[in-house]
Amino acid sequence: MNPVVWVPADAAAVSVGADDVAAALEAAGATVRRNGSRGMLWLEPLVELETDDGRVGYANVAPGDVDALLGGALDDTARCVGVVDDHPWLAGQHRVSFARVGVIEPTDLAAYRAHGGLAGLERALTLDPAQVVREVTDSGLRGRGGAGFPAGIKWETVRTAQADTKFVCCNADEGDSGTFADRMLIEGDPFTLVEGMTIAAMATGATEGFVYLRSEYPHAIRTLRRAIDVAYAHGVLGASVLGSGRRFDLDVRVGAGAYICGEETSMLESLEGRRGEVRAKPPIPALEGLFGRPTVVNNVLTLSAVPMVLADGGAAYAALGTGRSRGTQVFQLAGNVARGGVVEADFGISLRELVEGYGGGTASGRPVKAVQVGGPLGAYLPPSRFDLPMDYEAFAEAGAMVGHGGVVVFDDSMDAGAMARFAMEFCAKESCGKCTPCRVGSTRGVEVIDRIRAGTQRESNLVLLEDLCATMTKGSLCAMGGLTPMPVRSALEHWPEDFGVEPAAADAATDAMPESATSTTGGARP
């Protein structure tokens with residue numbers, strides 16, 4: 001009997017030769033099945049061989065290793081990681097949204113069902129819409145895209161709105177540096193997203209849905225479109241969802257990759273065929289969203305948590321996590337990290353457990369200097385803050401944010417001043433340009449930081465930088481400009497020496513700032 005091997009078709013694995021490995025295995029007579037990545041990216045391509053004990057993994061396989069792998073020559077080497085499900089890095093996680101990623105073939109609907117898929121949708125169809133929304137509300141599920149807004153409140157607003165048509169839109173425009181969970185889930189288990197969106201439609205009365213997916217994800221686009229075709233063929237989507245007589249149609253729309261389209265109203269503008277530009281609120285999208293109709297807008301990880309919420313009940317999901325941060329979060333370890341990848345765990349896990357435990361410190365072997373959590377507009381945190389629990393409120397109190405769960409690691413060669421400048425420059429390049437604080441403030445921010453680092457009127461420019469940050473935070477139309485000061489302030493707070501500033505001088509400049517300098521309504525400027 002031919003050996004059965006699993007080779008990831010995930011873009012990360014493909015980028016390091018997984019397709020060539022799969023071809024070599026087929027040429028050697030093996031039956032090859034393509035799964036998503038398990039998330040242990042430092043081991044890719046991770047090939048799994050089916051055995052009586054389970055699927056045994058082999059790390060960093062190249063085409064030239066195929067004969068040795070199939071012949072057993074790698075079994076007693078460090079390349080063999082044992083039964084993959086038992087690997088400590090995986091076994092210590094609590095995979096809910098990622099429970100099937102890497103386990104099944106992404107577009108095998110029968111396997112999806114066999115591993116618990118569609119149980120949530122089937123239960124949702126036995127409840128009335130208000131009961132479905134109640135389950136989501138009781139679960140404590142909050143938006144995983146970064147804002148942390150309660151999903152149940154948003155859904156209830158759409159459910160009770162009166163309109164001839166309602167929409168469900170998934171924002172898969174994953175643009176934060178160091179984040180890749182949306183892509184990995186879509187490439188590894190797209191039916192979870194399809195099911196979550198369909199449940200949202202059944203709960204709110206929506207009949208049409210769109211996934212807004214960035215063009216930089218060609219593997220995800222192809223996989224999701226194939227999954228949607230399969231879902232239509234088996235009655236999961238279409239005129240009668242699972243024979244219920246209730247319609248839901250779903251399609252993929254590909255965006256050009258503008259960072260600002262991660263903001264919900266910019267995404268809606270793009271979906272409508274216009275330039276991605278932030279809308280003023282109110283009205284909120286839940287009342288006047290896509291084409292002016294009530295619209296649920298959630299991101300991939302939010303919607304992918306919904307099937308478990310309905311399958312097991314809101315109370316079961318609410319039992320996970322800590323404080324007001326309920327359930328699990330899919331954290332992504334990236335940057336200068338020894339063991340990068342995806343870690344799904346209950347909220348409340350410490351930053352130290354993620355960086356030092358799962359991540360294993362830096363890939364360079366040098367000491368960790370900082371991590372940036374929550375994307376390019378997230379705060380930089382030093383090792384002294386690593387005992388912070390991954391919790392929306394705990395991070396907010398510390399002047400940081402969990403965001404989309406990205407954790408980017410830096411060693412002690414990092415220049416915090418240069419990274420603060422990058423944050424302002426990034427905002428200047430990615431701003432939609434609609435509001436002055438973001439459009440102009442970010443450009444002036446680069447200039448001010450350059451003067452500080454050059455030693456030009458450093459004290460007054462430090463005050464001016466804080467004044468500028470306050471104006472951007474309070475006056476920007478959306479989170480793009482509003483959050484850009486976060487990495488700047490954190491870098492200056494923890495590593496003033498990287499700006500050429502003595503810690504006492506930085507504190508004194510900020511403390512001396514006049515009241516009017518933080519006003520967004522005018523007043524004197526230094």
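**Exercise 1. In this predicted model, determine which residue follows helix H10 and characterise the helix itself.**

Solution. Helix H10 is followed by Gly-205, whose phi is positive, near 85 degrees. The helix covers residues 190-204, that is, 15 residues. From its first C-alpha to its last it reaches 22 Å, which is close to the 21 Å expected at 1.5 Å a residue. As to its surroundings, H10 is mostly covered, with 15 of its 15 residues buried.

**Exercise 2. Establish which backbone angles of Asn-60 and Leu-242 deserve attention, and where these residues lie.**

Solution. The background is that most residues other than glycine have a negative phi. Asn-60, which is not a glycine, has a positive phi of about 50 degrees. Its place is the loop between strand E4 (54-58) and helix H3 (66-71). With a relative accessibility of 36%, Asn-60 counts as partly exposed.

Leu-242 is likewise a residue other than glycine with a positive phi, here near 50 degrees. Leu-242 belongs to the loop between helix H11 (218-233) and strand E8 (249-255). Its relative accessibility is 25%. Because the partly exposed class begins at 20% and ends at 50%, Leu-242 counts as partly exposed.

**Exercise 3. Locate the cis peptide bonds that involve Pro-45 and Pro-283.**

Solution. In general, most peptide bonds are trans. The bond from Glu-44 to Pro-45 is cis, with omega near -10 degrees. Pro-45 sits in the loop between strand E2 (31-35) and strand E3 (47-51).

A cis peptide bond also joins Pro-282 and Pro-283, with omega about 5 degrees. Pro-283 is found in the loop between helix H12 (264-271) and strand E9 (295-299).

**Exercise 4. Derive the strand order of the sheet that contains E12 to E16, and identify its edges.**

Solution. The sheet is open, has 5 strands and shows mixed pairing, in the order E13-E12-E16-E14-E15. Strand E13 (341-346) and strand E15 (380-381) each have a single partner strand and stand at the edges, so one side of each lacks a neighbour in the sheet.

Within the sheet, strand E14 (residues 368-373) pairs with strand E16 (residues 406-411) in the antiparallel sense, over 5 bridges. Val-368 stands opposite Asp-411 in E16.

**Exercise 5. Decide whether Thr-179 is buried or exposed, and describe its surroundings.**

Solution. Thr-179 lies in the loop between strand E6 (167-172) and helix H9 (181-188). Its relative accessibility is 7%, and Thr-179 therefore counts as buried. The side chain of Thr-179 reaches the backbone oxygen of Asp-176 at 2.6 Å. Leaving aside residues up to four places away in sequence, Thr-179 touches Glu-174, Tyr-217, Gln-332, His-404 and Gly-406.

**Exercise 6. Assess the overall dimensions and packing of the protein chain.**

Solution. The secondary structure comes to 22 helices and 16 strands. The radius of gyration is 24 Å, close to the 24 Å that the globule rule gives for 526 residues, so the chain is as compact as a globular protein of that length. Along its principal axes, the C-alpha trace spans about 80 × 60 × 40 Å.

Of the 526 residues, 56% count as buried. The accessible surface comes to about 19600 Å², and 51% of this area belongs to carbon and sulfur atoms. Finally, among contacts between residues at least 6 apart in sequence, 70% join residues at least 24 apart.

Notes: Residues are numbered from 1 along each chain as its sequence is written. Side-chain values use heavy atoms; hydrogens and water are left out. Two strands pair if DSSP finds at least two bridges between them. Helices (H or I, at least four residues) and strands (E, at least two) are DSSP runs, numbered from the N terminus. Buried means under 20% relative accessible area, exposed over 50%, partly exposed in between (1.4 Å probe, protein chains only). A polar contact is a pair of N or O atoms within 3.5 Å; within protein, one must be able to donate a hydrogen and the other to accept it, and residues adjacent in sequence count only if both atoms are side-chain atoms. Contact means heavy atoms within 4.5 Å. The radius of gyration is taken over C-alpha atoms; the globule rule is 2.2 Å times the number of residues to the power 0.38. Accessible areas come from the Shrake-Rupley method with a 1.4 Å probe; for residues, only the protein chains shown count as cover. The expected span of a helix is 1.5 Å times one less than its number of residues.
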